[in-house]
Amino acid sequence: MGSVTSTTDHGKPLNMADMSGEAPARIPLEEVFMRMAEELAKRSTCSRNQVGSVITTSDLTQVLGIGYNGNARGLPDACDSTEAGRCGCIHSEANALIKAGAQTPDKLMFITFSPCVMCAKMIVNSNVRRVYYRTPYRDPAGIEVLRQGGVEAYLYDRWRELWRSGIRG
Ligand SMILES: [Zn+2]
Ligand SMILES: [Zn+2]
């Protein structure tokens, strides 16, 4: 558990075995960025679902892009249509990827839901190395696409209730 919280080890990828043990004393940066994605989801103007995304460097020291689902800048803050599948909103992941770009390798991505197939394909092509998702989307096909494309995908929900209050929660 030390490697998750130690400041000297942030360049190392999170050892997922660390998630199966006891919770660390301090909130891990991964949890911090996942909560940031949850806050961003609240800004979504989509009537169907609210999703937030954060993309960081592999050492978790820089946020490269943020996103939530909604209409394009300057357009009405609403879906184009109430018809299923035609709401027209840009997906949260796409909005974050546009900002983060593809050039930085080994990016980490934090998403409040597992991605759809099309977003998963964009994630694969954007040099994201690992995706953490809070809640599995009902269709797991996007997760399968990530794995086929060589992107690690992890359900990250084990510590969502911890460190919520007080300095030492
Ligand atoms: Zn929408
Ligand atoms: Zn999507």
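**Exercise 1: the sheet**

Strand E3 (residues 107-113) and strand E4 (residues 128-135) run parallel and are joined by six bridges. Starting from this pair, work out in what order the five strands form the sheet.

*Solution.* A word on the model first. It is predicted, so local features need pLDDT of at least 70 and side-chain atom pairs count only at pLDDT 80 or more, while totals for chains, interfaces and linings use all residues. Residues are numbered from 1 along each chain as its sequence is written, and chains are lettered from A and ligands numbered from 1 in the order in which they are written.

Step 1. Find a contact point for the starting pair: Lys107 stands opposite Val128 in E4. Two strands count as paired if DSSP finds at least two bridges between them. Strands are DSSP runs of E with at least two residues, helices are runs of H or I with at least four, and both are numbered from the N terminus.

Step 2. Go to the other side of E3. Four bridges link E3 to E1, and these two run antiparallel. Ser53 sits opposite Ile111 in E3.

Step 3. Carry on from E1. Five bridges tie E1 to E2, again antiparallel, with Thr56 bridging to Val63 of E2.

Step 4. Put it together: the open sheet reads E2-E1-E3-E4-E5, with mixed pairing. Its edges are strand E2 (63-68) and strand E5 (152-155), each pairing on one side only. From one strand to the next, the twist averages 15°.

**Exercise 2: strand E1 and what covers it**

Is strand E1 buried or exposed? And which helix lies across it, along with E2, E3 and E4?

*Solution.* Step 1. Apply the cut-offs: a residue is buried with 20 or more other C-beta atoms within 10 Å of its own, exposed with 12 or fewer, and partly exposed in between, the C-beta atoms being placed from the backbone. Five of the five residues of E1 pass as buried, so the strand is largely enclosed by the rest of the structure.

Step 2. Sort them by direction. Gly52, Val54 and Thr56 point one way, Ser53 and Ile55 the other, and all are buried.

Step 3. Look for the helix. Helix H2 (residues 29-41) crosses E1 (52-56), E2, E3 and E4, running at about 140° to E1. Axes here are lines fitted to C-alpha atoms, for helices over the stretch in contact, with angles from 0 to 180 degrees between N-to-C directions.

Step 4. Now try helix H3. Its Ser92, Glu93, Asn95, Ala96, Leu97 and Ala100 are buried, and the buried residues of H3 pack against E1, E2, E3 and helix H4 (117-124). Contact means that C-beta atoms, placed from the backbone, lie within 7 Å.

**Exercise 3: two helices side by side**

How do the axes of H4 and helix H5 (residues 141-148) cross?

*Solution.* Step 1. The two axes come within 8 Å and cross at roughly 20°.

Step 2. H4 and H5 are therefore roughly parallel to each other; angles under 35 degrees count that way, over 145 as roughly antiparallel, 65 to 115 as roughly perpendicular and the rest as oblique.

Step 3. List the contact residues: H4 brings Val117, Cys119, Ala120, Lys121, Ile123 and Val124, and H5 brings Ala141, Gly142, Val145 and Leu146.

**Exercise 4: positive phi**

Where does Asp106, with its positive phi, have its place? Is Asp106 buried or exposed?

*Solution.* Step 1. Asp106 has phi near 60°, positive although the residue isn't a glycine. Its place is the loop between helix H3 (92-100) and E3.

Step 2. Count neighbours: Asp106 has 12 other C-beta atoms within 10 Å, so call it exposed.

Step 3. Do likewise for Trp163, in the segment after E5. Its phi is about 55°, positive in a non-glycine too. Trp163 has 19 C-beta neighbours inside 10 Å, so it counts as partly exposed.

Step 4. Two further cases: Leu60 takes a positive phi near 65° in the hairpin of E1 and E2, with six residues between the strands, and Gly101, just after H3, has one of about 70°.

**Exercise 5: how far to trust it**

Over which residues does pLDDT stay under 50?

*Solution.* Step 1. pLDDT is the predictor's confidence in each residue, from 0 to 100. The chain's mean is 89, with 87% of residues at 70 or more.

Step 2. The stretch to flag is residues 1-13, where pLDDT stays under 50 and the model has 21 contacts beyond four places in sequence.

Technical notes
Two residues are in contact if their C-beta atoms, placed from the backbone, lie within 7 Å.
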